[in-house]
Amino acid sequence: MATFLRQERVNIRSLGGQAKVIGTVICVGGAMVMTFYKGPALKFLSPGSESHLTTNNSKAYNLVLGSILVFGSIVIMAACLSFQANVLKKYPANISLTALMCLTGAIESALIAIVYEGNKSSIWAVGWNIELLSVVYAGIICSALGMFVQAWCISKRGPLFVAIFSPVGTIVTAIFELIFLHVYLCVGSVVGASFIVVGLYSTLWGKANDITVEDTAESEINVIRLFEKEESTI
């Protein structure tokens, strides 16, 4: 999407462009491997017991509806990152933009909650427990701080740089499951995480290579313009 909106240049003939394309495919493939393939459990790396081993046969689910919703959320997130890059060019105020996005999200969430859960008074009660901590953490860390850092990264390196780190969240989730929930680490998680790391390195290398090439070209253009200006004055 960033390429179609001309926010990201992908020269498939250059080494940097090829690295970005291949790295992105490997990252997405690694995330899919971690999600859809479990494989045998690596019990020697997990402190849990057999009761913590998750299975996929406990609940029935709708693959078609789930796939459509996941794909829709990915498209919306990609559009959000791309449009945010355009907004930051005309309104380069990260803190104000973050505040506006959080306020808009809070209003939308409140309206949806009222429509679907407005008749259930027990759901709206928040006590001094893990629920209150979750709300505070989600609001301050995930929403406010996360959106601010996201906007800052987009203004510095573009939407692709932010989006390419999304699969890393899958690795962090697997690590937290191992530490806090004592869920067995499976072969699919290790293989997928390895793919994500390799793809991430490839994409970042390609991005850095393109930035170097662009800076070199810009420097050459500035030197040429300087020589032309000196010749005109002579």
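**Thr203**

I started with threonine 203, whose side chain reaches the backbone nitrogen of threonine 24 at 3.2 Å. I count a polar contact as a pair of N or O atoms within 3.5 Å; within protein, one must be able to donate a hydrogen and the other to accept it, and residues adjacent in sequence count only if both atoms are side-chain atoms. Before going on, I noted that this is a predicted model, where local features need pLDDT of at least 70 and side-chain atom pairs count only at pLDDT 80 or more, while totals for chains, interfaces and linings use all residues. Numbering runs from 1 along each chain as its sequence is written, and side-chain values use heavy atoms, with hydrogens and water left out.

Threonine 203 sits in helix 7, residues 187–233 (helices are DSSP runs of H or I, at least four residues, strands are runs of E, at least two, and both are numbered from the N terminus). I asked whether threonine 203 is buried or exposed. Threonine 203 is buried, at a relative accessible area of 2% (buried is under 20%, exposed over 50%, partly exposed in between, with a 1.4 Å probe and protein chains only). Skipping residues up to four places away in sequence, I found threonine 203 touching Ala19, Lys20, Gly23, Thr24 and Ile164 (contact means heavy atoms within 4.5 Å). I also checked isoleucine 26: it and threonine 203 are 177 residues apart in sequence and 9.4 Å apart in space, C-alpha to C-alpha.

**Overall layout**

I got 7 helices and 2 strands, in the order α-β-α-α-α-α-α-β-α along the sequence. Of the 234 residues, 22% count as buried. Among contacts between residues at least 6 apart in sequence, 81% join residues at least 24 apart.

**Leu42 and Thr98**

Leucine 42 belongs to strand 1, residues 41–42, and is buried at 18% relative accessible area. Leaving aside neighbours within four places, I listed Leu185, Cys186, Val187 and Val190 as contacts of leucine 42. The C-alpha atoms of leucine 42 and valine 187 are 6.7 Å apart, with their positions 145 residues apart along the chain.

Threonine 98 is in helix 3, residues 94–117, and counts as buried at 6% relative accessibility. With the same neighbours within four places set aside, threonine 98 is in contact with Ala144, Met147 and Phe148.

**Cores**

Which residues make up the largest nonpolar core? I found 8: Leu81, Ala85, Leu88, Leu97, Ala151, Cys153, Ile154 and Val162 (a core is a set of buried Ala, Val, Leu, Ile, Met, Phe, Trp, Tyr and Cys residues joined through side-chain atoms within 4.5 Å). Helix 2 and helix 4 each supply at least two residues of this core. Apart from it I noted another core, of 6 residues, including Ala31, Met34, Ala193 and Ile196. Isoleucine 154 touches Leu81, Gln84, Ala85, Leu88, Pro159 and Val162, not counting residues up to four places away in sequence.

**Pocket**

The largest pocket came out at about 1,500 Å³. On a 1 Å grid over the protein atoms alone, a pocket is an open set of points where a 1.4 Å probe fits, with protein on both sides within 12 Å along at least five of seven lines, and lining residues have an atom within 4 Å of a point. Points are joined across faces, edges and corners, and the volume is the space filled by probe spheres set on them. Of 43 lining residues, Val28, Ile74, Ala163, Ser166 and Pro167 are the closest to the centre. Helix 2 gives the largest share of the lining, 12 residues.
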